[in-house]
Each structure stands twice: as structure tokens, then as C-alpha cells.
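Let's take a walk through a protein model and look at a few spots up close. Keep the structure open while you read.

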Amino acid sequence: MYRFESVSKFYSGELVIDNVSLTVPRGKTTALIGPSGSGKSTLFRLMTGLAKPDAGTIYFGDQQLDDKCIGAVRKRIGYVIQEGGLFPHMTGRANVSLMAGHLGWARDKVESRILDLMKLTRLSPEVITRYPSEMSGGQRQRVSLMRALMLEADVLLLDEPLGALDPMVRAELQQDLAEIFRRLQKTVILVTHDLAEAAYFGDQIVLMGAGRIVQSGSIADIQRNPVNDFVKQFVQAQRTMLFSGAQL
Amino acid sequence: MIFCRTNIVVCVVMLLVARIVAADDVQVGSKAFTESVILGELATQLGNTAGVATVHQSQLGGTRVLWEALRSGQIDVYPEYTGTLVEELIPGTAADLAAIKSELYRQGIGMTQTLGFDNTYALGVPDTLARRWNLHSISDLRKHPEFRFGLSNEFLSRKDGWPALKRAYDLSPTSVTGLDHDLAYTAISSGSIDVVDLNSTDAEIGFYHLLTMTDDRHVFPEYKAVFLYRLDLQDRAPEFIRAIGRLEAAIDASTMTAMNASSKLQKVSEARVASKFLMSRFQVKTDPHEQGFAAQLFTRSCEHLVLVGISLAASIVVAIPLGVLSFLRPRLGQVILTLVSAINTIPSLALLVFMIPALGIGTLPAIVALFLYGLLPIVRNTHAGLAGIAAGLRESAIVLGLSSSARLLRIELPLAASAILAGIKTAAVINVGTATIGALIGAGGYGQPILTGIRLADYKLILLGAVPAAILALLIQGGFGLVENVVVPRGLRIKARN
């Protein structure tokens, strides 16, 4: 769905994406993982057109991503960020139907789509009429996901969607998300810093470090055949965290 | 609410009608001190009695304001002094009446004969101090550099005032403070200054027990009172010129001092003082045309609301787009913000005076000045409100695919609404205060009683202007609370409460 060919990106003179080539397969879930500053968020910004590559080319399907097509591409992208990115001055419903209204959808089409999405995301009907500040963190992410799916996007981009949630809510939403991804069969790209989460969702895991892709493949691959010490340490560090957490 | 709105509409209509109707009337101006206002009243009442519709735009400010207003046709006539003409307005002219008259004639301005008194500059000291040090003339002051001089700002800066005096008498006091002429009396009676500049017909000389120091080196020129008028009045209203001609050589110095005293010290209105004089001198019965308290308050409130309302509306219409522009184009934004900040560093009185040549006097230049002052808080808050939107929200809107205009209207401006409204509120409250200065150029409003109150040292009058201005500011503050409920989206207000 996405193809990066030798893409590099500088931010104020510093190389943040270093000659990255990557293919994101259609209909699969790809998890981008790595320590902070490894370039995973920048990769995301490149995919949404919020940043432009300084070298190399990005393809969306067969289309080269540029200023001309970015508007059309964005309509095929659903985007969810850590805190949801819901507009606080609009109710959940207004957030979800914003773009549909903008594109002139008929009222009943909007309503039936919202009903479908509420079922899909298991959101109770009274929540959608609230303002974001009146919702719980988990509810906000569900509404945000509804907004991302409203226009039948082909690609879902999720930037640490569960990062700000407490563990119970997080576990519940993880299961629901996995179920939704399985049912929709969409191309999903997910940024996380949690290896377990990446393993849970990702058909493909892309491990990043210092602006490069260090290793990509299945979780089994990465655990069994780490390509270098960085990967070994990264995997080890996540395990240690888990153990020390268990001892507490 | 509806009542309020109707009131404002009535105010605006009244003012506009007054403007249109007044356009043909003879406009008498006067400077912002009692004697000038009384002379202005005399001319106005005589004009009206002679059947010429005459309007008095009283206490318009200083010499420059009146002179420019006369030359540009904003007013038709005002009282002036020969010394001021020679020293300030038509410098280089010989100090005799014929020469002054012919020079003025060349500029399209006529001058009456002198009214009969000379109101020259003088210096005064408390009589106790004068007795202790045996002071009689200005030369005697040279021996006392420790005396604290409190001089009116106009006297300090005019060529024929302090600079000339200092040079001629070789005075070098250690402390010279510039202050308002009327406040100087209060200051000298409380002992915080020792020497004030006086006008020789000032009512307070006796009241505050001051002694006039004689001008033994004859530095001060003669300041004989005359009326200046536009020559076109000879065709437009010849009866008016004949009417004010009756005042020539009709007022001697003691009469003028007495009239000043009855207005300033006994708090009789200038209109009534003038009316009384006309009765006793010419047996002419005139209408002093005094407004009751409620009517006055209503007129002032209308004028003030018009000043603040129109200027604020204009500021909002211009400043919000400017704020948006400076957010979208940061480099241009720097220029815009610097410019509007620079405007706010111009003192309000100076800004008003700058506008007289282009816009004349009255409501319009005051509104333009207030409009300019209102820009900064709104531009800055609009910019800050937009810049303060979280990056995640801004980017979500971009990635959703909203066009840039839709983002601005549906996302960014609503999110910045609270900040923008705060800017408008600041502008409104500042405008209510600043609008009081509009009275100096004939825009009326609550500044009118404040100005008169300061001139007459009448605290009640000052309060008559200051209290409604403060109440209006509070009402606006409260009113914005209601507006906030409408303008700021509910979702943001809930957040604010949490």
C-alpha cells in the first residue's frame, strides 16, 4: 500500500530518516516500533504528507505522493493520534461526521454510517452526543477511530493510539482493535513503543533505530534472529521491564 | 436587551441627525479653560438671540486644536489672544493690531476689535512666601533657586512662555514640574509647589492668596482677547458678526475676573454666567440652555457608547483578519504586530491632534483613534489563540482532509474564540477609558464632565464622568460573560470548568 524508496529527511540540519526503504503490504497490520527519536513518528508524518522527504520517493499504491495528490490520498487515510485528536469544541457526533458533512453526504447516509461504526467500535449511543472532555480516555479513542473510519478509508494510521490509557482500558481496547482490524481487513500502520503490543497486532514488525530500519519481519524472527546487538538489547529491555513490573 | 439595543440605535440616529442639522449652524469653539468657555458662551448666546442658529463646541483643547479647526472650517469662530497669535500662530507678524489683522485676512480669517481686557501671563507665589522673602517682581525670584516651579504644560513649551522668561530673567530653579494649569492651584495651596504661572484674569489669584510678581523686564507680550472668525461668515451669517461685535471693548479685566470667579469658585455654569453678563450689560435676555442632570447623563452616555461601539466594531472587523494573517504568514505577522504595537505607544492626545488636519474635530477622529488603539489587543490575542492550538489538533484537521479555509472557520477560529474574545474585552475596556479624552476634540462623552470638573476643581463633576465610565467598563466586562456563552463553543467551556 505504501512503498518508501531510499527516503531521507532532515530536521533543522539533523538526519532523522536515513535512506529508508520499506513496503507496507495491503490488508495487513504493520507495527512501527523503536525507542523515542528513532524516526517512527517522522515516518508517519511522511505518510500523511505533514512532512515531505528531502530525498527518495514515497508511493501510495501506484501513486507517487506529492502536493497534487495529497488531498485525494488523505481522504483514503484514517488517522488516530495518542490523545485521539478529537476537536474539543465539537460533540463526538460532530467530530465523526465532520468530513462527511463537508463532502455533502445525505443525512440518512451519515446516520446509518454512524450507527454501523458505533456497533463496530462498541460505543454506547449516549457517548457520541458528548463533548470529548466529557468522555473517558477509552471512549475518546473509540470515537476517534470512528472518525478515522467514517469515509471508508483504505489505510488506518494509528500513532500510539493506546499510549495514554490505563492498563485495564488498554487491554480491553487492544482486543477490540484486533477484532476490528481482523473484520475490516484494512491496511493498518501502527506506531508503538511497546514490543508486546507490536507483537499482538503486527503481521509485520518494523524495528527502527537512529532513523534507519534495523530489522523487519515477524515477532518470532526478531526474537529468534536479532540482526545485531541493538535489536537484542531492545528485546531484552522490554522483557526486563515486564519482569520488574511483575515483581512489584 | 431589546431596550438596550433600541437605546443605542436612538443614540446613533440622534447624533447623526444632530450632525447633519448642525452642519449649517455657526460653530463656536472654545479652549479648555473657563475664560475661553465663557467667551464662547457669550458669542453663542448672542448669535442665537440674533436669530442665527449657533452651536458651542466647548473646551475643545489647546490653541493648536482650535486654530486648525478654524482653518479647516470645523468651527467658524473662537476666542483668542493677540499675544498667542503673534508668538505662536502667525509668528513674525508685528505686535500691532492692524498688522495682525491684515496677516489673518490674508489667511481667510477675520478678527474683531479687542474685547476690552488683557489676559497676559504672570507668575504667582503664595502671599505668605512673598512677605517672608519680600518678593515683588520676577527678578526677585532669581535669588531663590530653591523655589519649586509648577508650570502649565502649554506655558512650559511655548516660545513666549517659560523659555523666554528663563532667558530674560536668567532663572535657574532646581525643580520645574509641568502640570495642568488647574491642578497647579491645588498643588500650590497644598504646599507642594511654590511658583505657578498665572493668567492675569484668573479667578483663583485672590482665592488661593497668591501674589502676582510684576514682569519688570516686560517679557510677556500683550494678550488682548479677540474673536477670530472665518471670513466666509460675512456672507453666511453677517448678523452673527454684528452680534459678537457688541462684545468689543465691553469686558474689562475686573469684569472678566469676576465672571471667571463666579464660574470657577461659585460653580455657576458658564452658560448662566454669560447669560447674566449679557442681561446686565446689554439688557439682552438669553437662554443659557442648561441641561438637567438626567438629560446630561443620557447625552454623555449616548456619545460615549457611539465612540466605543463604532470604534470597537471597526477594530474587530479589521483586527481579526490581521491576526489570522499574521498567524498564517509569520514574517508579515512580525511586521503587523510591530506596527499595531507602535500605534499604541503614541500618546492619545498626540494621536488626536495628528488627526485634526485630515479628519477635523469631533466624533470621527476620536473614533478613528480609538479604532487604532483597539487593534493591538485583538490582533495579538487572535494570533496567540491560533498559535496556541495543540499541534495534534491542527495536524488531525489537516490529515482529515479539510481545506485550509474550512480548517480556519470550523476548527482553528472556534478553538481560538476564547482568546480572541478576551482580546476584544481588553480593547473594549481600554476604549471606555480612552474615549474620555475624546472630549478634548469635541467628541463629547463622559470626558466632557471630567474635563469641566478638572478645570473647575469640581470633584462632583469629575465623578459625573468617571463613575458612569467605570460602570460602563464593568457592564462591558459582565456583558462579555454573556457573549462568551454564545461565541465560545460549549465543549471548550466545559473543559474550562473542569
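## A buried aspartate and its partner

Asp76(B) is tucked away as a buried residue, with a relative accessible area of just 3%, where anything under 20% counts as buried. Before going on, keep in mind that this is a predicted model. So who does Asp76(B) pair up with? Asp76(B) makes a salt bridge with Arg236(B), and their closest N and O atoms are 3.1 Å apart. Asp76(B) sits in the loop between α3 and β3 (77-81) of chain B, while Arg236(B) belongs to helix α11 (residues 233-236) of chain B, so this pair ties together parts that are 160 residues apart in sequence.

The other half of the pair isn't hidden in that way: Arg236(B) has 41% relative accessibility and counts as partly exposed. Arg236(B) also meets the side chain of Asp232(B) in a salt bridge, at 3.7 Å from N to O. Asp232(B) is partly exposed too, at 31% relative accessibility.

## More salt bridges

How many salt bridges are there over all chains? The count comes to 27. One of them links the side chains of Lys224(B) and Glu222(B), with 2.8 Å from N to O. Lys224(B) is partly exposed at 26% relative accessibility, and Glu222(B) is partly exposed with a relative accessible area of 45%.

Over in chain A, salt bridges can share partners: Arg122(A), Arg142(A), Glu172(A) and Asp176(A) are joined into one network that way.

## Two helices that cross

Two packed helices are described by the angle between their axes and the distance between the axes. Try that on helix α3 (residues 63-71) and helix α4 (residues 82-89), both of chain B: they pack at an angle of about 85 degrees, and their axes are 12 Å apart. That angle makes α3(B) roughly perpendicular to α4(B), because the range from 65 to 115 degrees counts as roughly perpendicular.

Which residues do the touching? From α3(B) come Thr63(B), Arg64(B) and Trp67(B), and they meet Thr84(B), Leu85(B), Glu88(B) and Leu89(B) of α4(B). Sort the residues of this contact by type and you get three nonpolar, two polar and two charged.

## A helix with a buried side

Now find helix α8 (residues 162-169) of chain B. Its buried residues are Trp162(B), Ala164(B), Leu165(B) and Tyr169(B). They cover an arc of only 160 degrees around the axis, so they end up on the same side of α8(B).

What do these buried residues pack against? Their neighbours are β5 (121-126), β6 (148-152), α7 (153-157) and β7 (175-179) of chain B. Right after α8(B) comes Asp170(B), and its phi is positive, near 55 degrees.

## Two more stops

Asn199(B) is part of strand β8 (residues 195-199) of chain B. Is Asn199(B) buried or exposed? With a relative accessible area of 17%, Asn199(B) is buried. Setting aside its neighbours within four places in sequence, Asn199(B) touches Asn119(B), Thr120(B), Tyr121(B), His181(B) and Ile205(B).

For the last stop, look at Ala384(B), which has its place in helix α18 (residues 363-387) of chain B. Ala384(B) counts as partly exposed, at 46% relative accessibility. Along the chain, Ala384(B) and Ile420(B) are 36 residues apart, and their C-alpha atoms are separated by 8.5 Å.

Terms used. Residues are numbered from 1 along each chain as its sequence is written. Chains are lettered from A and ligands numbered from 1 in the order in which they are written. This is a predicted model: local features need pLDDT of at least 70, side-chain atom pairs count only at pLDDT 80 or more; totals for chains, interfaces and linings use all residues. Side-chain values use heavy atoms; hydrogens and water are left out. Axes are lines fitted to C-alpha atoms, for helices over the stretch in contact, and angles run from 0 to 180 degrees between N-to-C directions. Helices (H or I, at least four residues) and strands (E, at least two) are DSSP runs, numbered from the N terminus. Angles under 35 degrees count as roughly parallel, over 145 as roughly antiparallel, 65 to 115 as roughly perpendicular and the rest as oblique. Contact means heavy atoms within 4.5 Å. Ala, Val, Leu, Ile, Met, Phe, Trp, Tyr, Cys and Pro count as nonpolar, Asp, Glu, Lys and Arg as charged, and the others, Gly among them, as polar. Buried means under 20% relative accessible area, exposed over 50%, partly exposed in between (1.4 Å probe, protein chains only). The arc is that of the directions from the helix axis to the C-beta atoms. A salt bridge is a side-chain nitrogen of Lys or Arg within 4 Å of a carboxyl oxygen of Asp or Glu.
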